[in-house]
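Work through the two exercises below with the sequence and the 3D structure open beside you. Try each task on your own before you read its solution.

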Amino acid sequence: MKQHLKNEIRNVIYADNAATTPLSKAALSAMLPYLTEDYGNASALYSLGRRTRKAVEQARDCIAACLGADPEEIYFTSCGTESDNWAINGMAQQRAKSGCHRIVTSAFEHHAVLHTCAALPGFSVTYLPVHKDGYVCPEELRAALTPDTALVSIMYANNELGTIQPIDEVAAVCRAAQVPFHTDAVQAAGHLPIHVHQERIDLLSLSAHKFGGPKGTGVLYIRRGLHPAPLLHGGAQEQGKRGGTENVAGIVGMAAALKERTDSLPADAVRISSLRNQLENGLLAAIPGSFRNGGTRRLPGHLNLCLPGIDGEALLLMLDQVGICASSGSACTAGSIDPSHVLRAIGLSDKLARSSLRFSLGVQNTPAEIERMLSCIPAAVKRLQAL
């Protein structure tokens, strides 16, 4: 039985890296000592605690270097959702003191942003439209800003389409209007070069498990001089801004994974985008009427395809039977009966949105896997069409 399960796992083609990624060997190796012998609380004064405190601060230095930030601007959280909540809630509370009660975001943000904005008491929210190619327009952002705008939150890269937003231009608009700018970079970190100071980003969220790190660990970058109110109250951890005992193993693993991905980013981007293009061109040629959702300026591994006349969830189940893992949208909305809000935001009908699939490739994918996908997916589509 155990050997059978191992063979099943070995034969799986994992093409849902936007949902989560395999833990990298570098991350696991870095984590192991802090799961066993170096288990001390990083706030303790004795040597066991001092060793873990040193590991946390070294990880902070490493992540800051990868993001082009200063170490004191890096705050550890439990995940990207917490980071988004802290950035939005914290800045809303701070800016409300100056009479600012409006948030500007986009219609296709992750629900960690959309639901947080909607839940803010006493705030109004402006939702920028997203054009059919999957990008926001900086000029439309400029027109949407008002004197009472507290914060702008626009994601770095969309989690379903992979489209990379014009962050430099968005940041410039915000800086000119003296409005803080937050970006959810959960999909971008470890896959795109990010330099928060050069790009003039004020707050940035990321999550370790999207780039080979462990689940349950994230970061909020806060530019020096900004003081969002704490989301979690407790001890004096994270410069007194985020209470809670540090997840030392998770933090160390996150730093190792981000450093590994950052160092190999140029070569990985070329290889993964080549595999993605091979998959895209092959599927478009083999499946009549299919088309790509979103534009071409996107993350290296992302491909969102619409297959008109096909139920996306039915196709996912058929692909699972042959060992191919993909998705019909964000992993955080799995089980929802509603069509993707992202695809509806770019103008797709509910029917076409339900006929769309997302494939997201990662560093572990191979040309042989792409060939197998190209042989299995069109065949599965034909079987569904014949039902």
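The exercises that follow concern a predicted model, and they deal with a sheet and then with a pocket.

**Exercise 1.** Determine the order of the strands in the open sheet of 7 strands, and explain why one side of E2 and of E4 is left without a neighbour in the sheet.

*Solution.* Begin with the general rule that strands of a sheet pair through backbone hydrogen bonds, either parallel or antiparallel. Following the partners across this open sheet gives the order E2-E8-E7-E6-E5-E3-E4, and the pairing is mixed. Strand E2 (74–77) and strand E4 (124–128) stand at the edges with a single partner strand each, so one side of each has no neighbour in the sheet. On average, neighbouring strands of this sheet are turned by 20° against each other, with direction ignored.

Next, look at one pair in detail: strand E3 (residues 102–106) and strand E5 (residues 149–153) run parallel and are joined by 4 bridges. Thr105, for instance, has Ser153 in E5 as its bridge partner. Finally, add the helix H7 (residues 167–177), which lies across E5 and strand E6 (181–184) and runs at about 155° to E6.

**Exercise 2.** Describe the second largest pocket by its volume, and find which helix gives the most to its lining.

*Solution.* The volume of the second largest pocket is about 480 Å³. Its lining is made of 29 residues, of which His191, Arg261, Gly362, Val363 and Gln364 are the closest to the centre. Sorted by class, the lining has 12 nonpolar, 12 polar and 5 charged residues. Helix H2 (25–35), helix H9 (248–263) and helix H10 (265–286) each supply at least two lining residues, and H10 gives the most, with 4 residues.

Terms used. Residues numbered from 1 in each chain as written. Predicted model: local features only at pLDDT ≥ 70, side-chain atom pairs only at ≥ 80, totals over all residues. Heavy atoms only, no water. Pairing = 2+ DSSP bridges. Axes fitted to C-alpha atoms, helices over the stretch in contact; angles between N-to-C directions. Contact = heavy atoms within 4.5 Å. 1 Å grid on protein atoms, 1.4 Å probe; cavity = no way out; pocket = protein on both sides within 12 Å on 5 of 7 lines; lining within 4 Å. Points joined across faces, edges and corners; volume = space filled by probe spheres on them. Nonpolar A, V, L, I, M, F, W, Y, C, P; charged D, E, K, R; others polar.
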